[in-house]
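Please walk me through this structure, beginning with its aromatic side chains and ending with the chain as a whole.

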Amino acid sequence: MPADNRTIFLADCESFYASVEKAANPALAHKPVVVAGDSERRSGLILAACPLAKARGIATAGRLGDALGKCPDLVIVKPRMQLYIDVSLQITKIYETYSDLVEPYSIDEQFIDVTGTLHLFGDARMTAHKIQQHILAVTGVYTRFGISDCKVLAKLACDNYAKKNESGIYVLEREGLGDSLWQLPIGRMFMVGNRMANHFLRMGIHTMGDLARMPLQELKRKLRARFGRNADVQAEVCWRIANGIDDSPVITGKHAGEKSVGHMMTLPREYAARDEIKVIILELCELVGRRCRSIDRLGRTLSLGCYGAGFKRSTGFNRQMTLPYSTYVTNDLYQYALQLFDRYWDGSPVRRVGLSLSGFQEDGQYQLILDDHRERLGALEAATDSLKDKYGDDIIIRAASKSKAGQAVDRASKLGGHYR
Ligand SMILES: [Mg+2]
């Protein structure tokens, strides 16, 4: 691998939630098992299906009712998020005995840079096999390894090959991309969803190779014609992925410093209507969530303060709660902030609102993305964050902020405003 001599693994846990449940309960070993969010309802979504259930035609993100139709003896387990988080941390600890460069990518996927330690264990394939056996013996979870010289190719190697072959290990060589990766349909590229894939097909881009070989300027022109000027970013991201251009380092999630992230807003007038105050709370959740996402910190303690303008008699409250899981997703923060608000607000007018998130997970930082729904929200928010970083805060503003109660539009125009 001449361009870059790193050796990067993307390790993925097979059917993670279901595997953890099966390991915890040996009676389930030979049964088809799914973990479903809303196990009482037939419309509940399947969060994970074990390989036996998948062999019966059951897919992740499918409906429980359909799954029971295909497989009446299906065992349905309720999700136990804290358990999955604990096992995820345990797995990270094991990876860290093979390299100190371990970067969580999601609850069940991690990047490991073994460049500096590989010689201790043999070649890349042998090292991956050793880790795979180690994780299986200790946790009962089967892991698959995509291997290449950068993160993006390691991820593509895992998704497209390691998950499908016998050994669960695949080395994707940069020299041979024309015969391997570039032959695959464009929809198999990560970051390309169904809708994007359809756009590419209509542009005559059928394979990853079609995308990789197209000059970047031409791709930008084509995407711009469909999506406008802002499509340049997307064009470049996709083009780089297809070409395996990625020099981003594997970074451990350990950040020292910040113990909490908070924002306070003073409103232009007193707000007395619940709907108006809700908009402000949403904006604060967006600010706090965005900051936490940028420093990779998930918190479990949320506090909300609402204060009146009265100088003689102070009104309002400042209360906190422990969330059921660590998060940095705006919509999660908003959901619980509203609970606090509805519990403690006595109806008196509000002039200042503050929100903060603390209780950060100390032990490595996890994009603990707790189900597919949140995963999608998380990705969406990360995308809007990067657009805002690039083009300014007012590029994307939640529709609610356009109401007269919203502060975001006004604030975005105050560069260096004291809310940042
Ligand atoms: Mg997985």
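**Rings, a metal site and the overall fold**

Lys 151 is placed over the face of Phe 111, at a distance of 5.3 Å from the ring centre. The model in which this arrangement appears is a predicted one, and the geometry described below should be read with that in mind. A second arrangement of this kind involves Lys 155, which lies over the face of Phe 190 at 5.7 Å from the ring centre.

Rings also meet other rings, and a search of the whole structure finds nine aromatic pairs. One of them is formed by Phe 9 and Phe 145, whose ring centres are 5.7 Å apart and whose planes make an angle of 80°, an edge-to-face arrangement. This pair links distant parts of the chain, since Phe 9 belongs to strand E1 and Phe 145 to strand E7 (residues 143-148), 136 residues apart. Both Phe 9 and Phe 145 are buried. For Tyr 98 and Phe 121 the ring centres are 5.1 Å apart and the planes stand at 50°, so this pair is classed as tilted. Because Tyr 98 lies in the loop between helix H4 (81-95) and E5, while Phe 121 lies in the loop between E6 and helix H5 (124-139), the pair ties together parts of the chain that are 23 residues apart in sequence. Tyr 98 and Phe 121 are, again, both buried. Elsewhere, Phe 16, Tyr 17 and Tyr 84 form one aromatic cluster.

The metal site can be considered next. The magnesium ion is coordinated by Asp 12 and Asp 108 through OD atoms and by Cys 13 through its O atom, at 2.2 to 2.5 Å. Along the sequence these donor residues follow the spacing D-C-x94-D. Within this set, Cys 13 and Asp 108 link distant parts of the chain: Cys 13 is in strand E1 (residues 8-13), whereas Asp 108 is in the loop between strand E5 (102-106) and strand E6 (109-113), 95 residues apart. Both Cys 13 and Asp 108 are buried.

Finally, the whole protein may be described in a few totals. The protein contains 14 helices and twelve strands, and 51% of its 420 residues count as buried. Among contacts between residues at least 6 apart in sequence, 67% join residues at least 24 apart. The accessible surface comes to about 19,800 Å², of which 53% belongs to carbon and sulfur atoms.

Technical notes:
Residues are numbered from 1 along each chain as its sequence is written. This is a predicted model: local features need pLDDT of at least 70, side-chain atom pairs count only at pLDDT 80 or more; totals for chains, interfaces and linings use all residues. Side-chain values use heavy atoms; hydrogens and water are left out. Donors are N, O and S atoms within 2.8 Å of the metal (3.2 Å for Na, K and Ca); water is not among the atoms, so sites may look incomplete. Helices (H or I, at least four residues) and strands (E, at least two) are DSSP runs, numbered from the N terminus. Buried means under 20% relative accessible area, exposed over 50%, partly exposed in between (1.4 Å probe, protein chains only). Rings of Phe, Tyr and Trp (its six-membered ring) pair if their centres lie within 6.5 Å; planes under 30 degrees apart count as stacked, over 60 as edge-to-face and the rest as tilted. A charge sits over a ring if NZ of Lys or CZ of Arg is within 6 Å of the ring centre and within 35 degrees of the ring normal. Contact means heavy atoms within 4.5 Å. Accessible areas come from the Shrake-Rupley method with a 1.4 Å probe; for residues, only the protein chains shown count as cover.
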